[in-house]
Amino acid sequence: MKDYALAALAGIWLTDGITLLIAPRFIITQIRELLQQSPSILRWELLAIIAGAFLFFAAQDLPYRWLWIVTAGGMVAKGLFLSFGSPSWREPVIAWCIGRDDIDYRFWGLGLCALAALLLHALGWIGRN
């Protein structure tokens, strides 16, 4: 069951990565509009904390162990910052993140695709006989 949950996490990363590679400006425009209409959407960052904690504990016996520990730590830190950080710190960081050039988002998308591929490889779903 945990393999399927980790594969679902890889699927989310892959989907996000591909969309950032293909249409970064469209995605960021949608996120900007969503944040203007409903700033409380950041409460969804609690899912990043939960997913990061799950990744930390579920991926202990997988290859690339330290990659998963660092990634899980980053997910939890980002989730905590966006969920519980003070608005005076959070707002400038969000403004900076959604104000980047398209090429920056494409690099993030490439990184997410790489993480997804590595997690699926570690699970034995791709690249192993």
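The following legends describe four close-up views of a predicted model.

**View 1. The crossing of helices α4 and α6.** Helix α4 spans residues 65-84 and helix α6 spans residues 102-123. Their axes come within 11 Å of each other and cross at roughly 135°. This angle makes α4 oblique to α6, because angles over 145 degrees would be needed for a roughly antiparallel arrangement. The crossing of the two helices is left-handed. On the α4 side, the contact is formed by Leu67, Trp68 and Thr71; on the α6 side, Leu115, Leu118, Leu119 and Ala122 take part. Classified by residue type, the contact of α4 with α6 comprises 6 nonpolar residues, 1 polar residue and no charged residues.

**View 2. The surroundings of Thr71 in helix α4.** Thr71, one of the residues through which α4 meets α6, has a relative accessible area of 13%. Thr71 is therefore buried, as the limit for this class is under 20%. A polar atom of the Thr71 side chain lies 2.7 Å from the backbone oxygen of Leu67, and Leu67 also belongs to the contact of α4 with α6. When residues up to four places away in sequence are not counted, Thr71 touches Trp13, Leu55 and Leu115. Of these neighbours, Leu115 is part of helix α6 in the contact shown in View 1, whereas Trp13 of α1 and Leu55 of α3 appear in the contact shown in View 3.

**View 3. The packing of helices α1 and α3.** Helix α1 covers residues 2-22, and helix α3 covers residues 45-58. The two helices pack at an angle of about 130°, and their axes are 11 Å apart. Helix α1 is thus oblique to α3. The crossing of α1 and α3 is left-handed. Helix α1 contributes Lys2, Ala5, Leu6, Leu9 and Trp13, which meet Ala51, Phe54, Leu55 and Ala58 of α3. The residues of this contact divide into 8 nonpolar, no polar and 1 charged.

**View 4. The surroundings of Phe81 in helix α4.** Is Phe81 buried or partly exposed? With a relative accessibility of 26%, Phe81 counts as partly exposed, because the buried class requires a value under 20%. Not counting residues up to four places away in sequence, Phe81 touches Trp89, Arg90 and Val93. Cys97 lies 16 residues from Phe81 along the chain, and the C-alpha atoms of Phe81 and Cys97 are separated by 14 Å.

Technical notes
Residues are numbered from 1 along each chain as its sequence is written. This is a predicted model: local features need pLDDT of at least 70, side-chain atom pairs count only at pLDDT 80 or more; totals for chains, interfaces and linings use all residues. Side-chain values use heavy atoms; hydrogens and water are left out. Axes are lines fitted to C-alpha atoms, for helices over the stretch in contact, and angles run from 0 to 180 degrees between N-to-C directions. Helices (H or I, at least four residues) and strands (E, at least two) are DSSP runs, numbered from the N terminus. Angles under 35 degrees count as roughly parallel, over 145 as roughly antiparallel, 65 to 115 as roughly perpendicular and the rest as oblique. A crossing is left-handed if the near helix is turned anticlockwise from the far one by less than a right angle, and right-handed if clockwise. Contact means heavy atoms within 4.5 Å. Ala, Val, Leu, Ile, Met, Phe, Trp, Tyr, Cys and Pro count as nonpolar, Asp, Glu, Lys and Arg as charged, and the others, Gly among them, as polar. Buried means under 20% relative accessible area, exposed over 50%, partly exposed in between (1.4 Å probe, protein chains only). A polar contact is a pair of N or O atoms within 3.5 Å; within protein, one must be able to donate a hydrogen and the other to accept it, and residues adjacent in sequence count only if both atoms are side-chain atoms.
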